[in-house]
Amino acid sequence: MAAPGPLATRVAQLAEVPFADSLGDEVYFPIRERYLEVAGALRRADFDSCSDLCAVDYLTHLARPLPDGVTPERFEVVVNLLSRREASRVRLRVMVPEHDPVCPSLFSVYPGSENMEREAYDLMGIRFAGHPDPSRILMPEDWEGHPLRRDYGMGRVPVQFKGAPGPR
Amino acid sequence: MPVWESWNGLESLRHNFLTGKLEDFVKWSRRSSMWPATFGLACCAIEMMAAGGAEYDMSRFGMEVFRSSPRQADLMIVAGRVSQKMAPVLRQVYDQMVEPKWVISMGVCASTGGMFNNYAIVQGVDELVPVDVYAPGCPPSPNTLLHAILTLHEKVRTGEILRRRAASGSGAGVDLAAAPGWTPPLATPVHLGTPR
Amino acid sequence: MNAERPDAPPGDDRVTLGADEALRTRLIEATDEGAQELAPVDETSPVELAIEQGGVLRLPESETLDPDVADAAFGAGETMILNVGPQHPSTHGVLRMMVELQGETILRSKPVIGYLHTGMEKTGEGLTYVQGATNVTRMDYFSPLPNELVYSLAVEKLLGVEIPPRATWIRMLMCELNRISSHVMWAATNGMDLASTTMMIFGLRERDLVLQFFEKVTGLRMNHNYIRPGGVAADLPDGWEDDVEAVVDTVGARLRDYDNLLTRQPIFRERTEGVGVVSPELLLALSATGPILRAAGVPWDLRRSMPYLAYDEVDFDVIVGRAGDCFDRYAVRLNEVRESIRIVRQILDKMPSGDYRTQDKKVTPPPRARIDESMEALIHHFKLFTRGIEPPEGEVYVAVESPRGELGCYLVSDGSNRPMRMHIRAPSFVNLQSVPALLQGGLIADMIAILSSVDPVLGEVDR
């Protein structure tokens with residue numbers, strides 16, 4: 001397996017987590033079952049704030065560059081954590097399969113991820129187990145479908161005299 | 001000679017009356033204090049607020065009072081993009097407004113959906129409410145909004161409004177053509193020169 | 001059925017935390033009746049307090065007071081769920097609040113958003129990288145230039161291009177002027193919400209000065225599409241130094257008007273002092289950033305702590321409040337205007353000469369005059385505006401300090417000319433999570449003051 005990342009010296013739980021350097025950012029790839037454990041450990045290691053949590057759909061780009069030991073899945077939950085004391089960031093990318101789009105909720109570790117997880121559920125369809133309010137946040141409550149998925153159309157209305165066809 | 005010394009009824013009061021048709025006075029009062037409802041949605045709302053500010057000053061047209069209650073408002077300036085979730089709210093606010101009421105669709109997102117031709121935005125607020133004036137721009141500068149407002153005032157002044165409502169069936173349901181002695185106004189186009 | 005907890009009720013598919021016993025036993029799942037006792041409040045960390053306190057009303061959006069029972073008399077202990085609908089007098093956009101009231105006291109609340117959802121992240125996937133700034137700029141419409149900046153920085157990081165120093169300094173100048181116009185406009189709408197219409201006129205007046213300068217430089221008053229990947233769209237016009245100096249001199253002098261009108265005024269102080277206070281630890285746990293965090297005493301500003309552009313070469317102070325109430329949030333923003341004016345004056349002195357965009361012809365188009373002379377220039381222009389830039393595969397997260405907090409862009413490229421995923425981390429979206437905590441225990445009359453001091457811009461909340 002590839003060499004562990006720089007944070008693994010400080011955070012024991014990161015020792016066996018695959019690591020990649022993405023244009024200068026530290027990125028770790030914990031599996032779903034160890035995701036909360038890793039997040040909790042990072043929180044105790046002074047990463048006191050969750051800057052961002054989003055979901056990505058790799059339907060059209062499944063063969064993306066990943067480190068050894070990471071099985072590509074259709075969805076990814078990407079979490080950006082921030083340590084104010086060190087003024088540094090770390091990124092976690094959790095693979096979520098298409099047939100079982102469930103991921104543990106980060107709410108218990110970072111309450112600030114509540115709205116972000118609701119948005120990921122609303123627009124991408126990933127359910128967060130343990131989330132206190134798993135309901136849609138941006139679309140109307142009775143909307144069907146998850147608009148940000150790559151197989152959900154743009155919903156364009158045909159416009160007269162528009163010569164060039166749209167991208168999809 | 002003092003007025004009370006030779007009181008001759010109405011003939012003594014020479015300079016204190018304006019006379020005109022009732023219809024003209026009604027239209028003058030309607031367009032001189034047409035109060036907008038607060039319906040700013042997105043970026044256009046900021047330019048609408050700027051139009052109400054000191055530099056562009058809607059107050060000279062009697063319009064600086066934005067009424068939050070639709071019952072007290074005459075004009076709904078739909079300023080911004082209308083999302084699917086907001087569409088029923090928009091219709092409800094429009095229905096709560098009392099006749100006579102007008103709608104200005106401000107900005108390209110309200111007029112046609114603008115640059116957002118996708119699942120989330122209603123492609124033109126005229127799918128929901130009847131629109132009187134469309135103001136293009138992204139966002140239209142306060143000057144453009146004022147031009148749209150003055151166009152609307154001109155339409156009110158020439159009575160265009162009554163004809164359109166009678167034809168489309170929307171509005172207060174007053175059927176002028178059925179009233180005895182009513183002649184339709186001349187079918188002249190609205191010229192936007194100096195507004196009255 | 002939950003395989004890990006077979007005695008859980010059906011539908012309860014919460015997973016346990018695994019090996020971390022200490023964390024698991026202090027979580028809300030373990031505080032059912034008959035199980036663990038709650039630790040005393042002073043021994044409980046803010047994270048757990050946020051979970052336990054329950055300032056958030058977790059009800060479906062349709063559960064508000066039925067108008068048919070609105071006339072029912074409410075007893076002393078009964079609560080009422082009031083809807084402050086998306087159309088309301090407050091000038092802060094289409095935000096809906098569901099508030100649980102006991103008399104006039106707010107117990108719990110829930111901000112309901114989505115009324116301005118535009119599908120901008122989906123639209124961004126359909127636009128090329130050259131067109132992307134037009135889409136992103138319309139998210140936070142009070143300060144469009146930082147949106148464009150963060151998108152352009154993310155694209156440039158993916159591409160690995162260096163942009164010339166003059167472009168960097170022009171970007172910094174425009175973003176700081178936008179910070180001035182945004183904070184001044186916030187002061188206007190905040191004053192309006194607290195019923196000071198004069199403040200609205202003052203703020204709009206100052207904002208208009210800045211917007212007139214923007215119109216001179218970018219062609220538009222708002223939503224400029226000026227900061228693009230590779231640099232900026234056009235150079236600053238001749239005489240810009242005099243214009244900028246006139247703007248900052250006028251705005252700086254008029255800040256005294258704001259002090260006379262609001263800062264020393266007893267009514268304003270009574271309405272904002274002590275209102276909407278919450279601990280900085282709770283704000284950090286809820287991922288709040290920007291003036292609301294700095295007003296609570298946390299000196300976190302990305303321009304100082306994780307500098308981007310050329311912020312490490314200019315001198316400015318990070319404004320930090322003490323009490324974290326509405327007045328402090330107002331004071332922080334007003335003083336940030338003064339600091340931005342200070343930065344702009346330094347930029348006036350230090351602006352380097354040179355190119356205003358990178359010369360890499362695969363990224364920025366050639367000057368229009370060259371198209372007549374050179375076939376290669378014509379081809380580059382054509383390819384850029386039809387096909388666009390094609391950054392290599394990769395993913396990047398870049399963050400800047402917008403007037404509302406940390407504005408981030410997570411961009412994933414699959415090697416084609418359109419982003420595979422463009423996610424914008426909007427500061428107001430995250431700051432809205434703090435609103436239930438800020439409102440809890442206060443009066444309904446304070447709700448507008450607190451909401452206004454959080455400064456949500458619904459365009460970026462809903463995207």
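## A walk from one residue pair to a chain boundary

Start by selecting C:Tyr410 and C:His423: these two stand opposite each other, with the histidine in strand β8 of chain C. Keep in mind as you look around that this is a predicted model.

Next, widen the selection to strand β7 of chain C, residues 405–413. How many bridges join β7(C) to β8(C)? Count five, with the two strands running antiparallel.

Now bring in the rest of the sheet. Add β6 of chain C and you have three strands, in the order β6-β7-β8, making an open sheet with antiparallel pairing. To see the edges, colour residues 394–402, which are β6, and 421–425, which are β8, in chain C; each of these strands pairs on one side only. Turn the view a little and compare the strand directions: neighbours in this sheet are turned by 15° against each other on average, direction ignored.

What lies across β6 and β7 of chain C? Select residues 144–159 of chain C to find out: that's helix α5. The helix runs at about 150° to β6(C).

Time to leave the sheet and show chain A beside chain C. Between them, 44 residues of chain A are in contact with 51 residues of chain C. On chain A, try highlighting α1 (35–44), β3 (49–57), β4 (75–83) and α2 (114–124), since each supplies at least two residues of the side that touches chain C. Which of chain A's elements gives the most to that side? Zoom in on β3(A), with six residues.

For a last stop, colour chain A's side of this contact by residue type: you'll get 20 nonpolar, twelve polar and twelve charged residues.

Notes:
Residues are numbered from 1 along each chain as its sequence is written. Chains are lettered from A and ligands numbered from 1 in the order in which they are written. This is a predicted model: local features need pLDDT of at least 70, side-chain atom pairs count only at pLDDT 80 or more; totals for chains, interfaces and linings use all residues. Two strands pair if DSSP finds at least two bridges between them. Helices (H or I, at least four residues) and strands (E, at least two) are DSSP runs, numbered from the N terminus. Axes are lines fitted to C-alpha atoms, for helices over the stretch in contact, and angles run from 0 to 180 degrees between N-to-C directions. Two residues are in contact if their C-beta atoms, placed from the backbone, lie within 7 Å. Ala, Val, Leu, Ile, Met, Phe, Trp, Tyr, Cys and Pro count as nonpolar, Asp, Glu, Lys and Arg as charged, and the others, Gly among them, as polar.
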